Amino acid sequence: MNRVYVCSCFGITEQQVKQHADGGACTPRQIASACKAGTDCGSCVRRIQAILGRGACPRRDLAERGEPVLAELEDAA
């Protein structure tokens with residue numbers, strides 16, 4: 001299996017970041033809350049931003065109503 005690591009500090013793969021994004025994480029800060037990526041040395045934050053892209057947040061309406069926007073994910077490791 002070929003794993004592309006985004007965050008070497010915490011061993012977070014590109015696939016895991018994409019799963020958190022699919023679960024509702026729209027910003028690097030939300031990714032950090034979900035899996036700690038970007039919270040140590042910070043060198044992966046730009047890569048996380050690139051993965052998230054500049055698209056609209058699919059669950060922004062939930063966030064604005066104060067409802068949970070992040071889905072619980074199983075460990076994809």
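**Figure 1. Crossing of helix 1 and helix 3 in the predicted model.** In this predicted model, helix 1 passes helix 3 in a right-handed crossing. The two axes come within 10 Å of each other and cross at roughly 55°, an angle that makes helix 1 oblique to helix 3. On the side of helix 1 the contact is made by Glu14, Val17, Lys18 and Ala21, and these meet Arg47, Ile48, Ile51 and Leu52 of helix 3.

**Figure 2. Close-up of Glu14, a residue of helix 1.** With a relative accessible area of 16%, Glu14 is buried, since the cut-off for that class is under 20%. If neighbours within four places in sequence are left aside, the contacts of Glu14 are with Val4, Val6, Arg47 and Ile51. Among these partners, Arg47 and Ile51 also belong to the set of helix 3 residues that make the contact with helix 1.

**Figure 3. The buried face of helix 1.** Helix 1 spans residues 14-22, and its buried residues are Glu14, Gln16, Val17 and His20. Seen down the helix axis, these buried residues fall within an arc of 165°, and they therefore line one face of helix 1. The elements against which they pack are strand 1 (5-7), strand 2 (12-13), helix 2 (28-35) and helix 3 (45-52). Just after helix 1, the backbone at Gly24 takes a positive phi of about 125°.

**Figure 4. The two sides of helix 2.** The buried residues of this helix are Ile31, Ala32 and Cys35, and because they cover an arc of only 100° around the axis, they lie on the same side of helix 2. Arg29 and Ser33, on the other side of helix 2, are exposed. The cover over the buried residues of helix 2 includes strand 2, helix 1 and helix 3.

**Figure 5. Backbone at Lys36.** Lys36 follows just after helix 2 and lies in the loop between helix 2 and helix 3. Its phi is near 75°, which is a positive value in a residue other than glycine. As background to this view, most residues other than glycine have a negative phi. The relative accessibility of Lys36 is 49%, so that this residue counts as partly exposed; the class of exposed residues would require a value over 50%.

**Figure 6. Cysteine sulfurs without a disulfide.** A disulfide is a covalent bond between the sulfur atoms of two cysteines. With a cut-off of 2.5 Å between the sulfur atoms, the count of disulfides comes to zero. For Cys9 the closest cysteine sulfur is that of Cys41, at 3.7 Å, and this distance is too far for a bond. Cys44 is likewise in no disulfide, and the nearest cysteine sulfur, which is that of Cys7, is 4.0 Å away. As for accessibility, Cys9 counts as partly exposed, at 36% relative accessibility, whereas Cys44 counts as buried, at 5%.

**Figure 7. Surroundings of Cys44.** Cys44 has its place in the loop between helix 2 and helix 3, as does Lys36. When neighbours within four places in sequence are left aside, Cys44 is in contact with Val6, Cys7, Ala37 and Gly38. One of these partners, Cys7, carries the cysteine sulfur nearest to that of Cys44. Ile12 is 32 residues away from Cys44 in sequence, and the two C-alpha atoms are 9.9 Å apart in space.

**Figure 8. The chain in overview, as context for the close-up views.** The chain holds four helices and two strands, and from the N terminus on its elements run β-β-α-α-α-α. Of its 77 residues, 27% count as buried; among them are Glu14 of helix 1 and Cys44 in the loop between helix 2 and helix 3. Of the contacts in the chain with a separation of 6 or more, 56% are accounted for by residues 24 or more positions apart.

Note on methods. Residues numbered from 1 in each chain as written. Predicted model: local features only at pLDDT ≥ 70, side-chain atom pairs only at ≥ 80, totals over all residues. Heavy atoms only, no water. Buried < 20%, exposed > 50% of the residue type's maximum accessible area, 1.4 Å probe, protein only. Arc of directions from axis to C-beta. Contact = heavy atoms within 4.5 Å. Axes fitted to C-alpha atoms, helices over the stretch in contact; angles between N-to-C directions. Parallel < 35°, antiparallel > 145°, perpendicular 65-115°, else oblique. Left-handed = near helix turned anticlockwise from the far one by under 90°.
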